[in-house]
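User: I'd like a close look at one part of this model, namely the second largest pocket and what sits around it. Could you walk me through that, and then place it in the rest of the chain?

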Amino acid sequence: MKRVLALLAVVGAVAFGAPAWAEEKAAEPTVAAATAAAPAAAVAAPAAAAATDAAPAAAPALVANKGDNAWVMISAALVILMSIPGLALFYGGLVRTKNMLSVLMQVFVVFSLISVLWVVYGYSAAFTEGNQFFGTLDKLFLKGITVESVGATFSKGVVISELAFVIFQGAFAAITCGLIVGSFAERAKFSAILVFMVIWFTLSYIPMAHMVWYWAGPDAYTDAAAGEAAGLTAGFLFQKGALDFAGGTVVHINAAIAGLVGAYMVGKRTGLGNVSMAPHSLTFTMIGASLLWFGWFGFNAGSALEASGGAALAMVNTWVATACAALSWMFAEWILKGKPSMLGAASGAVAGLVAITPAAGFVGVMGAIIIGLLAGVICLWGVNGLKKLLNADDSLDVFGVHGVGGILGAVLTGVFADPALGGTGVYDYVANAVGAYDMTTQVISQLWGVGTVIVWSGVVSIVGYKLVDIVIGLRVPEDEEREGLDLTSHGESAYHH
């Protein structure tokens, strides 16, 4: 226990100490920034400027639209539903009976842990103006954020309550960390999982969210010079032009790489290949997948940050791409194995949800259909052929679905966002119109996003797991693994017969 506390103290020093690379800011922007291509807005509390008799009259303060506020808050609740109980049941049904409770516990407690860390320092480090990779700690414990604080959306002069944005983004952070536990299910120490999540959340999730989603907001782009200046304050991948509407890079690829590294470093399950590892309840898995699909409407359509036509487009794309992926996975499996399976249909649906996430608000419906159909087939290969090539015991196929699907969706966003293919293009806030679209340039920008998150998450994960292994140990003893983590780690059982 002392070693656990010692490691947590080190992590706390990293998280709470003022980073040496954070630049001091003279003042925060009056209206916070929304993400350029994602579910985020870098928000700042309204600045109170002292008025003088000689100064011109101040512009009236922007007031949050109640309809937009309601939509973002409902969307945040839907994302929370995706984690608990959606993801927990989806994962829980896929493990053996003796480990059902342990998976429910891991997802539930990781969600709780990250929610607290988000309020303490995560939001501040992700969504304040710092450098290209991290924000500042100016808003620790949400300091300065009040019921009057607002943040920008994707429309000039339109804002939402900053507190609504805080919980919406916090729900994203929490489910991202929850996704990781599926890769090393049934054999990792509960204490090790929690400490690793603190490290990874601090050093991988937060910087990726800042790199992709932080910008100065549309109101900063008044003319070319102002737009150029505002662009220099944005995150690294935002400046590279990477589009990620709702988390293809920040959430899915990020978590999948951490999961894959964990699968290697924790090691394979005892008895793999000799003992049946079949899912104990596909009923729970189907219920979990359905809750994920339902909640994902908040995940993707809520990322528009407004109750708008853009949100409706993201919602339709999420609906149809998921259905297409469920069908394509099922039919491909039917052809290859002779029978269609419930597990295949549910897995295909999740693959479609993952793949459409970065593209949801940027592509047309035909683009969403193609992305969904491809996701079902390619992710089926990801959990079979690719998994064998990687030789990793990724228990619940986090990389095969979230990694492969996330990469596919991120790259195809650059293709199908083209207005010539029914996409929305990229809005130019200086010209106040959709700009000229260069597919090749945009795909290169998307590859920048994919490559950056693979390297960043990979390095942080290797270091994080190694530190935890040295101090705590990553894996339970073999006898505890054989008996099951429900009883040995938690002293409870999911079922009493």
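Analyst: Five helices each put at least two residues into the lining of the second largest pocket: helix 2 (66-94), helix 10 (309-337), helix 11 (342-356), helix 13 (385-390) and helix 14 (398-416). Of these, helix 11 gives the largest share, four residues. Keep in mind that you're looking at a predicted model, not an experimental one.

The pocket holds about 690 Å³. Its lining runs to 31 residues, and the ones nearest the centre are Leu343, Val383, Lys387, Ser395 and Asp397. By class, the lining splits into 16 nonpolar, seven polar and eight charged residues. Two of those charged residues are in the central group, Lys387 and Asp397.

Now turn to the largest cavity, because some of those names come back there: Val383, Lys387 and Asp397 are among its lining residues too. The rest of that lining is Leu260, Gly382, Leu386, Leu390, Ala392, Asp394, Phe399 and Gly400. The space inside is about 60 Å³. Helix 13 and helix 14 each bring at least two residues to the cavity wall, just as each of them does for the pocket. Helix 13 gives the most here, with three residues. As for chemistry, the cavity lining has six nonpolar, two polar and three charged residues.

What classes of residue line the second largest cavity? That wall has eight nonpolar residues, with no polar and no charged ones. The residues are Phe184, Ala188, Ala192, Ile193, Phe196, Val266, Tyr465 and Leu474. Helix 5 (residues 190-213) supplies the largest share, three of them, and the volume comes to about 50 Å³. In total, there are four cavities of 30 Å³ or more in the model.

One of those lining residues, Tyr465, falls within the span of helix 15 (residues 439-471), and that helix has another residue you might like to click on. Gly449 is found in helix 15 and is buried, with a relative accessible area of 2%. Leaving out residues up to four places away in sequence, Gly449 touches Leu237 and Thr249. Its C-alpha also lies 8.0 Å from that of Val212, although the two residues are 237 apart in sequence.

That kind of long reach shows up across the whole chain. Take the contacts between residues at least 6 apart in sequence: 79% of them join residues at least 24 apart. The secondary structure comes to 17 helices and four strands, and 58% of the 497 residues count as buried. The accessible surface is about 19,100 Å², with 69% of it belonging to carbon and sulfur atoms.

Back to helix 2, one of the pocket's helices, for a backbone detail. The peptide bond from Ile84 to Pro85 is cis, with omega near 15 degrees, and Pro85 lies in helix 2. Most residues other than glycine have a negative phi, and most peptide bonds are trans, so a cis bond is worth a look.

The phi half of that rule has its own exceptions here. Leu305 is not a glycine, yet it has a positive phi of about 65 degrees. Leu305 lies in the loop between helix 9 (282-301) and helix 10, and helix 10 is another contributor to the pocket lining. Asn432 also has a positive phi, near 55 degrees, and lies in the loop between strand 3 (427-428) and strand 4 (433-434). Are these two residues buried or partly exposed? Leu305 is buried, at a relative accessible area of 0%, whereas Asn432 is partly exposed, at 44%.

Last, a word on cysteines, in case you're planning around them. The structure holds zero disulfides. A disulfide is a covalent bond between the sulfur atoms of two cysteines. Cys324 is buried, with a relative accessible area of 12%, and Cys379 is buried as well, at 0%. Cys324 falls within the span of helix 10, which brings us back to the pocket where we started.

Notes: Residues numbered from 1 in each chain as written. Predicted model: local features only at pLDDT ≥ 70, side-chain atom pairs only at ≥ 80, totals over all residues. Heavy atoms only, no water. Buried < 20%, exposed > 50% of the residue type's maximum accessible area, 1.4 Å probe, protein only. Contact = heavy atoms within 4.5 Å. Areas by Shrake-Rupley, 256 points an atom, 1.4 Å probe, with all protein chains shown as cover. Disulfide = S-S within 2.5 Å. 1 Å grid on protein atoms, 1.4 Å probe; cavity = no way out; pocket = protein on both sides within 12 Å on 5 of 7 lines; lining within 4 Å. Points joined across faces, edges and corners; volume = space filled by probe spheres on them.
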